[in-house]
Protein chains: 2
Amino acid sequence: MLALTKKTSYGILAMSYLASQPVDRVLSARQIAQECHVPLSLLMNAMKVLAGVGYVESVRGPRGGYRLARRPEDVNLADLVATLEGPVRQAQCLSDPANQHECTQVEMSRCPVVDPVHRVHRRLNDFLRKVTLAELAEGHTDASLVEAAPQTAALPGGASGEK
Amino acid sequence: MLALTKKTSYGILAMSYLASQPVDRVLSARQIAQECHVPLSLLMNAMKVLAGVGYVESVRGPRGGYRLARRPEDVNLADLVATLEGPVRQAQCLSDPANQHECTQVEMSRCPVVDPVHRVHRRLNDFLRKVTLAELAEGHTDASLVEAAPQTAALPGGASGEK
DNA sequence: CTAAAAGGTACTTTTCTAGTACTATTTTGT
DNA sequence: ACAAAATAGTACTAGAAAAGTACCTTTTAG
């Protein structure tokens with residue numbers, strides 16, 4: 001329900017993992033996939049996009065890999081998601097039937113229409129813009145701590161009777 | 001990019017429109033569809049779900065329709081979206097490969113895992129929970145004001161070279 | 001009784017996601 | 001310098017979900 005796609009998730013996870021490493025360290029997609037427990041092929045797909053836009057720097061050849069190209073504080077989720085998820089279907093104008101174009105972020109922020117759906121998207125975007133990679137990576141120093149997590153909060157019973 | 005589905009959008013739009021009406025006023029799906037410029041059939045689909053859960057009250061027969069069953073202040077987006085979008089694919093645990101179940105909201109809020117993707121979903125949910133229908137409906141007193149909107153902020157040039 | 005409106009069911013089409021296979025490029029080792 | 005190996009990058013395919021359509025049933029005011 002309004003969840004990030006796998007590709008986006010992998011991308012964020014990889015970025016966050018890279019952020020937790022020494023800046024000069026070059027990590028191959030294979031390494032990242034292993035450490036983060038995500039399928040390699042899909043991760044490569046995400047890394048390609050991230051490298052193309054300039055979020056990460058790619059080093060080719062043997063001993064190649066990826067390296068963060070920006071400071072984690074300078075990466076916000078709104079841009080990251082927009083990059084990975086593609087600029088597809090950005091909150092069509094429901095209000096104006098004759099003008100069903102796809103609103104860019106710039107348009108959205110200036111749109112005079114008070115359509116509630118538009119409002120949600122705007123607020124959502126504003127919210128994501130405030131979340132930085134640095135915040136997400138905080139505490140994510142190493143993926144190995146995941147193994148240590150005891151998973152005590154499993155609660156098999158659904159607890160809340162939703163649908 | 002992380003946008004609401006059409007069904008959800010229609011649902012929110014309808015709820016918001018109902019919120020702007022006198023409480024006793026019963027509006028048919030047809031009326032709402034016309035006023036809000038959304039396809040009738042899809043809107044009926046959304047209204048059905050909303051009525052089933054109890055967000056709106058339905059009145060059958062001629063002159064029937066829908067009426068808001070809750071105070072707009074008591075409706076938050078997180079629940080509304082969860083209702084309309086279904087409980088599908090709620091932020092799978094990426095961190096633990098052996099435990100790829102779908103986390104409920106309860107689990108999510110107690111999850112000890114520091115996986116950044118999980119974090120995003122949690123924060124997203126917290127954010128949506130704070131947004132109420134009352135806030136969205138504010139200023140949406142009548143759909144007719146949409147016609148009056150001059151759409152001056154068209155800006156054809158994409159501005160930012162995303163893709 | 002009739003018409004209007006909700007409620008329900010089922011289906012088709014379209015789009016997006018997830019995953020796989022393949023190609024191109026660079027560096028290391030001989 | 002050349003070949004081999006490792007890696008990034010590209011392209012493609014199948015499956016699932018969303019969007020939209022259509023039809024039929026139930027209810028009830030007039």
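## Helix α4 of chain A

Helix α4 of chain A (residues 77-85) is largely enclosed by the rest of the structure, because 8 of its 9 residues are buried (under 20% relative accessible area, 1.4 Å probe, protein chains only). The buried ones are A:L77, A:A78, A:L80, A:V81, A:A82, A:T83, A:L84 and A:E85. Where α4(A) starts, a side-chain oxygen of A:N76 gets to within 2.9 Å of the backbone nitrogen of A:A78. Helices here are DSSP runs (H or I, at least four residues), and strands are E runs of at least two, numbered from the N terminus.

## About the model

This is a predicted model, where local features need pLDDT of at least 70 and side-chain atom pairs count only at pLDDT 80 or more, while totals for chains, interfaces and linings use all residues. Residues are numbered from 1 along each chain as its sequence is written, chains are lettered from A and ligands numbered from 1 in the order written, and side-chain values use heavy atoms, with hydrogens and water left out.

## Around DNA strand D

Now for the DNA. There are 23 residues around strand D, and A:S58, A:G65, A:Y66, B:K6 and B:P62 come nearest; "near" means a heavy atom within 4 Å. The surface near strand D splits into 7 nonpolar, 7 polar and 9 charged residues. Its largest share, 3 residues, comes from α1(B).

## Contacts with the strand

Of the strand D atoms within 4 Å of the protein, 73% belong to sugar or phosphate. B:K6 has a polar backbone atom 2.8 Å from a phosphate oxygen of strand D, and for the side chain of A:R30 an N or O atom is 3.5 Å from a phosphate oxygen. On the base side, an N or O atom in the side chain of B:R60 is 3.2 Å from a base oxygen.

Technical notes. Polar contact = N/O pair within 3.5 Å; in protein donor to acceptor, adjacent residues only side chain to side chain. Nonpolar A, V, L, I, M, F, W, Y, C, P; charged D, E, K, R; others polar. Buried < 20%, exposed > 50% of the residue type's maximum accessible area, 1.4 Å probe, protein only.
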